[in-house]
Amino acid sequence: MLDTNTNRPELPPEIARRRTFAIISHPDAGKTTLTEKFLLYGGAIQMAGQVRAKGEARRTRSDFMKMEQDRGISVSASAMSFDFGKYRFNLVDTPGHSDFSEDTYRTLTAVDAAVMVIDGAKGVESQTQKLFEVCRLRDLPILTFCNKMDRESRDTFDIIDEIQENLAIDVTPASWPIGVGRDFMGCYDLLNDRLELMDRADRNVVAETVEINGLDDPKLAEHVPEHLLEKFLEEVEMAKELLPTLDPQSVLEGHMTPIWFGSAINSFGVQELMQGIASYGPEPQPQQADPRAIAPEEKKVAGFVFKVQANMDPKHRDRVAFMRLASGHFKRGMKLTHVRSKKPMAVSNPVLFLASDRELAEEAWAGDIIGIPNHGQLRIGDTLTEGEMIRATGIPSFAPELLQGVRAGDPMKAKHLEKALMQFAEEGAAKVFKPNIGSGFIVGVVGALQFEVLASRIELEYGLPVRFEQSQFTSARWIIGDKAEVEKLVEANKQHIAHDNDGDPVFLTRLQWDIDRVERDYPDLKLSATKEMMV
């Protein structure tokens, strides 16, 4: 987000009603369940599934990979669009598991805000903190949802203090819980002076609301038992004294987060959160690019690819590039320039995602996320425009922390393996390095679980059993610097050199000592742990 000043022109109404956001959290805080309830209230699905459902009928809709459904975790980010009142929500669900954090980092470059989900019993966990830091780097506005209030949870003030301390952000309560755990009966909506009562009997029912005139309204006592009411009034009094009031501008600048309390599985507090995203979330923002930023109100279409997903439909070897529209009004069949190759590209069958269903997108506006089926032309970081040579920036690629060799179970199928690996490399699911000496490939990932996902996907999608083997190398660094210097290093260290799937030279290291040695012997070169995607 570059400039939230008021001197920017007003956005066309179609663009101004867009809210594009990601949901971030530690695994198991209830992120996928919350996504389901968003779809339920947005009218996109009739009945919310559960992550750990019995039978096929009630599986979650946003986890489409077989492995996600078997394990009850989200492995890849999925995008969904739906209407809520007069707003159009574009929601990106991200993997919470730290082994897939790279997918999440890239996703955060394509959204304008983040919804942080926190477990009421556990508070701020390590992965939440890591993701929060990425939002910080991008100054993303953050809205917080404290989930699982119907279970034994911590004191409300403790949770708020922990967020303020660990994440160094002001927290302002948008609602306040009444009772905790078994006694939890609902929340008081501080923004609209409403009492929200939870129905434990039916999980898909919208909470009952009672209009209240301020906290001294006698109607409160009719609905809330005396012992809970007393504690609640005391807490709210304290909160008003101690905590800052909601400042919408401060939220947009990323310095303050409003917090809602609820229970996603009981559909409670979700609608208030959605209302909050509509009212306090940002409209589509300018996108950083080179040589200039792209503003959403520009007439010409520009967009960038932040994710590629191969084989979303295993029956067709399809690859879908997820593109965030940065400006303009896109219409199906438009010819756009593919900036990296400078070639025109007709986008004739773009798709919009509605949970696991997709439909053809006849049109899309700045802020929307569309899928473009293609056969490998589009990669992460690519920019598509109406002719201008402009390139979206800031989409990172990280050095893998784990490296392993890979071999096909059947040596005759080495060619097929190469094709499968290249596909996953372009998707960003793994780094694939071809060492200069010796045969075979080295696969690099951020977390160990990714090896399992890769092996299972190569077998399912290509019918190729593979085995991963220990590699002598522990990490990889991209070599950046003057071409002649790079060639000198490559010549002298052949056994350490490989090339990634873009053909860029990579230095494979066994110990930190290897890196120190190169930095000492080649002071003009830089060994980088990140590279900007597809320069």
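A residue is called buried here when its relative accessible area is under 20%. By that criterion, 59% of the 535 residues in the chain of this predicted model are buried. The chain nonetheless offers about 22,600 Å² of exposed surface, and 50% of that area is supplied by carbon and sulfur atoms. Its secondary structure consists of 14 helices and 33 strands. Among contacts with a separation of 6 or more, 71% join residues that lie 24 or more positions apart.

A helix pair is a helpful place to look next. Helix α11 spans residues 414–427 and helix α12 spans residues 449–462; their axes come within 11 Å and cross at roughly 120°. Because angles of 65 to 115 degrees count as roughly perpendicular and those over 145 as roughly antiparallel, this crossing makes α11 oblique to α12. The crossing is right-handed. On the α11 side, the contact is formed by L417, A420, L421, Q423, F424 and E427, and these meet L454, R457, I458, E461 and Y462 of α12. Sorted by character, the residues of this contact comprise 7 nonpolar, 1 polar and 3 charged.

Elsewhere in the chain, E253 sits in the loop that links α9 (248–252) to β11 (256–261). The relative accessibility of E253 is 31%, so this residue counts as partly exposed, a class that lies between the buried limit of 20% and the exposed limit of 50%. E253 and P282 are 29 residues apart along the chain, and their C-alpha atoms are separated by 9.6 Å.

Note on methods
Residues numbered from 1 in each chain as written. Predicted model: local features only at pLDDT ≥ 70, side-chain atom pairs only at ≥ 80, totals over all residues. Heavy atoms only, no water. Axes fitted to C-alpha atoms, helices over the stretch in contact; angles between N-to-C directions. Helix = DSSP H or I, 4+ residues; strand = E, 2+ residues; numbered from the N terminus. Parallel < 35°, antiparallel > 145°, perpendicular 65-115°, else oblique. Left-handed = near helix turned anticlockwise from the far one by under 90°. Contact = heavy atoms within 4.5 Å. Nonpolar A, V, L, I, M, F, W, Y, C, P; charged D, E, K, R; others polar. Buried < 20%, exposed > 50% of the residue type's maximum accessible area, 1.4 Å probe, protein only. Areas by Shrake-Rupley, 256 points an atom, 1.4 Å probe, with all protein chains shown as cover.
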